[in-house]
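User: Please take a close look at the nonpolar interior of this model and the elements that build it. I would like one connected account that I can follow with the structure open beside me.

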Amino acid sequence: MSAVQLPAKMHAIGINRTGDFDVIEKLELPVPENAPGNVLVKVHYGGVNFIDTYFRKGLYPISSFPQPLGTEAAGEIVALPTDDKILGDEEYKLRGFAVGKKVAVYGLGAFAEYVSVPWAKAYVLPEGLSTRTAAAGLTQGATALTFVTEAYNVQKGDIILVHTVAGGLGLLFAQLIKARGATVIGTTSTPEKAAIAKEAGADHVILYTKEDTVQRVLELTNGEGVHAIFDGVGKDTFEADFKMIRRKGTIVSVGNASGAVPPFPPLKLVEKNVRLLRPTLANYVYTPEEGRRYSTELFKLIANGDLKIRIHQEYPFTAEGVQQAQQDLTGGKTVGKLIVEVSPEA
């Protein structure tokens, strides 16, 4: 199939300056020119992530304005790379790109009708996997999969603590950890969220709003603590993590929903010979081969029903819709993934 005819202009949701939720606006921009090493994708759905709020607030740098928000999307390829060197690359050929193929992509500017991304950041979907599910599953799914494999390689018999286990990422951690034969202890805020987490595989769920998390974890582990902690909360839970981790355990700092962890002396690790990591997905899928390998494994798990993607809510492709999505995400009341409906599949 040849490249499709493209409009000159497109709509996007983004910002002209950094600030609070109200800086998010609808933009009219030129359709991106596809760089020689990129694929151009007509976006169906975008995935909402905490990193979107970091860009909006100015915590992460933006090179120029206006800037469409969003870093995760899925849709249909409308143009391919033109660089002969890339077209002859064996890893590129393994992706199976073609105009009309459905892909999930990772790259800033995803809340737009079209987005151009380097080919290595585009992943072809298997038959039967919708772009709606892929947009909801790519970033969090790949994060959970790489972290339980490389940040701490979860083994059968391990006991693992997952903070905010009923969130989009937490539910995926619970499923993957349970599938490896480990025991999952999770924290959440309400009985309703606890029930959902247990459906996803959590063995024990602690209501941090009513229970002493440290005390309960130590009770559940006979005073030894857990083998590893996946902590997306950050500042508010960091000190307690050291009370709940066992000797030679691993703390994986996944995110900073409550704020960044403050500086601390490395001597803090000495008491229990604790390993502490603050990894990022990008460095686990840095090479094209890593990206292909993990995305293939992830999409197979989703397509087979072994990893269930829970979508909390779908938001309209408007400034108000994306504002509300960010407010809901940061408000701690969501269960599962938030997505934006840009131009759904026919």
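Analyst: Helices and strands are named here as DSSP runs, at least four residues long for a helix and at least two for a strand, and they are numbered from the N terminus. The model is a predicted one, and every value below is computed from it.

The largest nonpolar core contains 52 residues, and those with the most contacts inside it are Phe147, Val154, Ile160, Phe173, Ile177, Phe230 and Phe299. At least two residues of this core come from each of H4, strand E9 (159-162), H5, helix H6 (191-199), strand E11 (204-207), strand E12 (226-231), helix H9 (281-284) and H10. H4 gives the largest share, with 10 residues. A second core of 34 residues is separate from this one, and Ile51, Tyr92, Phe111 and Ala325 are among its members.

A convenient place to enter the larger core is Phe147, which belongs to helix H4. Phe147 is buried, because its relative accessible area is 2% and the limit for that class is under 20%. Setting aside residues up to four places away in sequence, Phe147 touches Tyr152, Phe173, Phe230, Val252, Val254, Pro279, Thr280, Leu281 and Tyr284. One of these partners, Val254, is 107 residues from Phe147 along the chain, yet the two C-alpha atoms are separated by 8.7 Å.

From Phe147 the contacts lead on to Phe230. Beyond its neighbours within four places in sequence, Phe230 is in contact with Phe147, Val148, Tyr152, Val154, Ile160, Leu161, Val162, His163, Phe173, Ile177, Val252 and Val254. Two residues of that list, Phe173 and Ile177, are also among the buried residues of H5.

Helix H5 itself covers residues 168-179, and its 12 residues should span 16 Å at 1.5 Å a residue; the end C-alpha atoms are 17 Å apart, which agrees with that expectation. Because 10 of its 12 residues are buried, H5 is largely enclosed by the rest of the structure. The buried set consists of Gly168, Leu169, Gly170, Leu171, Leu172, Phe173, Ala174, Gln175, Leu176 and Ile177. After H5 comes Gly181, with a positive phi near 85°.

Returning to H4, one can follow how this helix meets another contributor to the core. The axis of H4 (residues 131-151) and that of helix H10 (residues 288-303) come within 9 Å and cross at roughly 115°, and the crossing is right-handed. On the H4 side the contact involves Thr133, Gly137, Leu138, Gly141, Ala142, Leu145, Thr146, Thr149 and Glu150, while H10 offers Tyr294, Glu297, Leu298, Phe299, Leu301 and Ile302. Sorted by class, this contact has 8 nonpolar, 5 polar and 2 charged residues. Phe299, which is in this contact, is also listed with the residues that have the most contacts inside the core.

Two further buried residues are worth locating, namely Val226 and Met244. Val226 lies in strand E12 and is buried, with a relative accessible area of 0%. Apart from neighbours within four places in sequence, Val226 is in contact with Ile159, Leu161, Ile185, Val217, Thr221, Met244, Ile245 and Arg246. By contrast, the C-alpha atoms of Val226 and Leu138, which are 88 residues apart along the chain, are separated by 28 Å.

Met244 has its place in helix H8 (residues 235-244) and is buried as well, at a relative accessible area of 1%. Leaving out residues up to four places away in sequence, Met244 touches Leu161, His163, Thr213, Val214, Val217, Gly225, Val226, Ile229 and Lys272.

Finally, some backbone details deserve care when the model is inspected. Most residues other than glycine have a negative phi, and most peptide bonds are trans. Lys248, although not a glycine, has a positive phi of about 65°; this residue is found in strand E13 (residues 245-253) and counts as partly exposed, at 49% relative accessibility. Asn273, again not a glycine, has a positive phi of about 50° and lies in the loop between E13 and strand E14 (275-277). Asn273 counts as exposed because its relative accessibility is 52%, where the class begins over 50%. Elsewhere, a cis peptide bond with an omega of about -5° joins Phe65 and Pro66, and Pro66 lies in the loop between helix H1 (50-57) and strand E4 (67-68).

Technical notes:
Residues numbered from 1 in each chain as written. Predicted model: local features only at pLDDT ≥ 70, side-chain atom pairs only at ≥ 80, totals over all residues. Heavy atoms only, no water. Expected span 1.5 Å × (residues − 1). Buried < 20%, exposed > 50% of the residue type's maximum accessible area, 1.4 Å probe, protein only. Axes fitted to C-alpha atoms, helices over the stretch in contact; angles between N-to-C directions. Left-handed = near helix turned anticlockwise from the far one by under 90°. Contact = heavy atoms within 4.5 Å. Nonpolar A, V, L, I, M, F, W, Y, C, P; charged D, E, K, R; others polar. Core = buried A, V, L, I, M, F, W, Y, C linked by side-chain atoms within 4.5 Å.
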